[in-house]
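User: I've got a fold open on my screen and I'd like to learn how to read its features. Can you walk me through it?

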Amino acid sequence: MMKLKQYITMAVLALAGTIMTGCSSEDITTEAPQPERQNKTVTLTTTITRDGSEATRALTVAGVKTFAVGDQIAVFYKNTNGETEKAESEALTETDIHNEGKNATFTVKLTDPAAGGAVRYIYPAAMAVETVGTGIDPTNDYNTIVIEHLKSQDGTLATIAANYDLAVYDGTLTDGATLPANATLQNRLAILELTVKNASGAPVNGSVTKLSVYDGTNHYIISRTPAADPIYVALEPVSSDQTIEFCATDGTTNYRKKVTGKPLDRSNLYPVRLTTAEDTGTPLEFLTGTKYTVQNGETLSGRLLRNTRIQTPETDENGEPITVTLDGVDINVINLGKYPGIDCLGNTNLVLADGSVNHVTANYQNKAGIRIAEGFTLTISGNGTLTATGCVRNSTANGGAGIGGSGSTNCGNIVITGGTITAQGGEGAAGIGCGALANSTGTVKCGNITISGGNVTATGGKYGAGIGSGYVEKKGNSGLAQARNICGNIEITGGTMTAKGGTKAAGIGCGYNGGNRFAEAKCGTITITSGVTKVTARKGSNAPKSIGTGASSQDGVQTCGTVTIGCTLDGDGNPVGGTEYDDGISTSPYTYEP
């Protein structure tokens, strides 16, 4: 056992910082830091040994840096093999604490420390990584600090004092493999003292049960007992070019605010007053499980920040649909999971709340932005805005549709009656319709697509139609095995529609067939009635049709039903009048405006 003595100065939380306001005081205001928190400096003497891992205290509720019984310090250092080791001190006893808590003696054991090797102290020890792999350099900021520790707080200063007020020292061992004679611990976190106000400016801390803070990288959730007291949050420093998103909720009303250009520096406490906008419904920020099933009549709002699958319940094929309202959702998480952005497992009505702006993006390989399961119907209505994007991170031309099917997966019927909708297909997928089927056998199918209102823009990914079928490929001559990508009938009876195909794909109709004679791209009948406001279709590069078939390679099969423009529909939904095009429309862009 080797005992090493050191003298360490702890630089305390110098609470002199303020948020530089770039917006009006009605949006966000700050107050001068509390005087008793300024200029507190602590000197401590430490003898290093090894063991223990209990919660620690660095900042008392009175704002003074003192040590307490049970405190520990973690030490990361290099051994003579060049490996990073972690040691934790014994817990402080009353006899270890001196000078009214300003000084303390720690004991820790180091095993085979390397002379001149890097060393890092972390106080409190609870903030240190439990296991550190070989080759990690402890001099790099935060590489031995678990930010997960910060992501579940209770909003009280006492808990921050006990667990989260992080102080760090980086240095090197002497030539004799002893600790530096003097060291200064520097605080690494900023602390917010929040008062949340409603849209009228009245404080609501007394009812807030949860608070979400997101800085574009880190996400902190504070679960608390409602109280009029300020809500304290410990977080990593934030630069002036980062946007901080706040969402507080009382279980019924959500209070939201975005703040940009307000740097939060380490070693500072910031009294912040947030005047927020209000909404209702289920805030996505607080979802933490692997799966969330939306209930009939539920409203979703906010940004999904965890890897949680959002799905609607299964229903009978002829059963009543589940109605879900989207009111300002943002579902776009890298590596969201092996699921679409929203996975509709039964008949589903998605209602876009008036004036809402909604984004749903798939971020896993071949998944659709919004998928409707085979045999069921998805209906999108309302007066809000929706952008739905299939996964574009996959380069194998096997992507998912913006709205419709995932790659190599069947999907149901799609009905759009209103809203401003932008649908972007992933590689090989339609904007609205089928996902891709790349270098495979079998059949990918989409049901019927009906658009009766709204302002819709659909863009196919590479090789996918804007509206219709996606890419299909079957190589080799393995018997009579087939590969098919088939979209049902497409009917546009109202609203404004713009469709653009990807490379070698139609704007409305079929995607590119990149296979041989055993592969088929297919679309049902295409009907555009005189009830529309305007329809524009644009073919992709090297595609033969703007409405109808796409291109084929190696004698691959392309099949599209009759295209009828400018008709009406009889009681059975059959076209009456108009102009029929048995071979589709090659003009690009083609615009029909009655």
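Analyst: Sure. Start with burial: a residue is called buried when its relative accessible area is under 20%, and exposed when that area is over 50%. Keep in mind that this is a predicted model. Here, Glu245 has 13% relative accessibility, so Glu245 counts as buried.

User: What share of the 594 residues is buried, and how many helices and strands are there?

Analyst: Buried residues account for 56% of the 594. As for secondary structure, the protein has 51 strands and one helix.

User: Back to Glu245. Which residue does Glu245 form a salt bridge with?

Analyst: For a salt bridge, look for a side-chain nitrogen of Lys or Arg within 4 Å of a carboxyl oxygen of Asp or Glu. Glu245 pairs with Arg303, and their closest N and O atoms are 2.6 Å apart. That pair links distant parts of the chain: Glu245 sits in strand S16 and Arg303 in strand S22, 58 residues apart. Arg303 also meets Asp330, at 3.3 Å from N to O. Asp330 belongs to strand S24, so this second pair ties together parts that are 27 residues apart in sequence.

User: How many salt bridges does the whole structure have?

Analyst: A search finds 10. Another of them joins Lys445 and Glu374, with the closest N and O atoms 4.0 Å apart. Lys445 is in strand S35, while Glu374 is in the loop between strands S28 and S29, 71 residues away in sequence. Both ends are partly exposed: Lys445 has a relative accessible area of 38%, and Glu374 has 42%. As for the earlier pairs, shared partners join Glu245, Arg303 and Asp330 into one network.

User: Now rings. How many aromatic pairs are there?

Analyst: Ring pairs are judged by the distance between centres and the angle between planes. The count here is three. One of them is Tyr463 with Tyr512, a tilted pair at 5.0 Å centre to centre, with 50° between the planes. The two tyrosines lie in separate loops, 49 residues apart: Tyr463 between strands S37 and S38, Tyr512 between strands S42 and S43.

User: Are those two tyrosines buried or exposed?

Analyst: Buried, with relative accessible areas of 17% for Tyr463 and 8% for Tyr512. Ring pairs also bring in Tyr471, making a cluster of Tyr463, Tyr471 and Tyr512.

User: And which residues is Thr496 in contact with, beyond its neighbours within four places in sequence?

Analyst: Gly454, Asn455, Val456, Thr533 and Lys534. Thr496 lies in strand S41, and its C-alpha is 4.7 Å from that of Asn455, though the two are 41 residues apart in sequence. At 23% relative accessibility, Thr496 is partly exposed.

Terms used
Residues numbered from 1 in each chain as written. Predicted model: local features only at pLDDT ≥ 70, side-chain atom pairs only at ≥ 80, totals over all residues. Heavy atoms only, no water. Helix = DSSP H or I, 4+ residues; strand = E, 2+ residues; numbered from the N terminus. Buried < 20%, exposed > 50% of the residue type's maximum accessible area, 1.4 Å probe, protein only. Contact = heavy atoms within 4.5 Å. Phe/Tyr/Trp six-rings, centres within 6.5 Å; stacked < 30°, edge-to-face > 60°.
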